[in-house]
Amino acid sequence: MADVIKNTTFAELKVGDTASIERVCSVQDLYLFAHVSGNTNPAVVPDQASTENRAVTAPFMWAGSLISAVLGNLLPGPGTLYRSQDLRAVSRVKVGDKVRASVRCVEKQAAPVAVFETRIEKLDGTVVAEGRALVDVPTERMTVAARELPTLILDDCDQFTPLIQRAKSLGPMATAVVCPDDHNSLGGAVLAAREGLIEPILIGSRAAIQKAAEAGGLDITPYKLIDAANGVEASAKAVELVRRGEAASVMKGNLHTDELLGQVVKKDGGLRSGRRISHVFVMDVPTMDHLLFISDAAINIAPDLITKVDITQSAIDLAIACGIEKPRVGILSAVETVNPSIPSTLDAAALSKMAERGQIKGGLVDGPLAMDNAMDVAAARTKGITSLVAGRADVLIVPNLEAGNMLAKELTFVARAEAAGLVVGAAAPIMLTSRADNDRARLVSAALAQLYEYRRRTGRAVPVPGTDTAKVAAE
């Protein structure tokens, strides 16, 4: 759009003058139209749970509204007001269709009235609608600045469902579920089992687990149940199942994180792997078109440089497992320049150089970066930062647990992001969800565990179902 918009006055308007705009019908357009019009007819509103909405038909008046945009912005332009509009539907617009709305002046009546022929068609020439508009044409010159409308955030993105579908292709993974004795933890485990992601082994107080199942109306008879007196004993039994190869992952239930991790990190009999364990939040943020990985916001309180190397490498590995071929990793600090007075900037610079030298593999690593120039290209350009990561980060490595935890919670409760999480770096993936997390968070965490474990075992990501890569993998 031009920086300024000039109208055509009644005196300047000529019969035969034309103008047009082109627009692709998107899912977001239809959500917005449903909000504004109040029309929630399922025939014209996309299914929020679906990842494929190309068959959805746009409301006829969505297409009709494009004519108003031509008249109000282009011809005659600013100051134009409708008197009437007749419009005949000829064909339908589907999500993904690109259409052209055009107007042509066919008659000038007594000032300021003019008649326009109006037409909407697809780019292949298929007519969508046609009719005539009667408008009041402005009589005075108007030159206005092109307006940037306020940003709207639609809470409709779902980047987790494709991950779940990919994980399902692997079949259920034997999972030791520790103390699933409340509604959320037991419900999440049962849901993940029903979705074919895990084969749960329930470990904890038999009486408490059965009570939770009865209260939630959950059938747990298909699952193995191992009795344990308390959280520590249940955690120890879960770790032992992994060590014996009877479970491939662990899911935290209704117990304190310290009780579980205390058994995981034991020098003798734990699940140490030689790499420092860390936690990665995986965020589906409404304003972003890709997943965002944040580490470490749950385990390592004030990591030193060597610990940050492991944190960074594990986050890269998980991002690759989730389908990001070459993750862009931003090492965060308060500023984007190295300052000896801010230790995290020194660590960031060292991590960047270590990645260049191959000590951190699989991703593009850059830092220090402040949050604005890690996530926003314009902010990075304003500050003169030339980088393949700045403004495009997939992974954020935070300076300490406090910063990471606040960042993840702000995205969840302010930006309405969905979050899942996984403990990585141990001999098996650990689903470390909060006791307050809902079933959805636990389901996605189970999918993350599946994808991460597959990459840990095979060295590659799970192929996307339906692709040539998937066919080759299956053969």
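Two exercises with worked solutions follow, on the sheet and on one residue of a predicted model.

Residues are numbered from 1 along each chain as its sequence is written, and side-chain values use heavy atoms, with hydrogens and water left out. Because the model is predicted, local features need pLDDT of at least 70 and side-chain atom pairs count only at pLDDT 80 or more, while totals for chains, interfaces and linings use all residues.

**Exercise 1.** Work out the order of the strands in the open sheet, and say which strands stand at the edges.

Step 1. Strands are DSSP runs of E with at least two residues, helices are runs of H or I with at least four residues, and both are numbered from the N terminus; two strands pair if DSSP finds at least two bridges between them.

Step 2. The open sheet has five strands in the order β2-β4-β5-β6-β3, with antiparallel pairing.

Step 3. Each of β2 (18–24) and β3 (81–89) has a single partner strand, so one side of each is left without a neighbour in the sheet, and these two are the edges.

Step 4. Within the sheet, β4 (residues 98–108) and β5 (residues 113–122) are joined by nine bridges in the antiparallel sense, and Val103 has Thr118 in β5 as its bridge partner.

**Exercise 2.** Describe the surroundings of Asp29 in helix α1.

Step 1. Helix α1 spans residues 27–37 and includes Asp29.

Step 2. The relative accessible area of Asp29 is 10%, and Asp29 is therefore buried (under 20%, whereas exposed means over 50% and partly exposed lies in between, with a 1.4 Å probe and protein chains only).

Step 3. Leaving aside neighbours within four places in sequence, Asp29 is in contact (heavy atoms within 4.5 Å) with Arg23, Val24 and Trp62.
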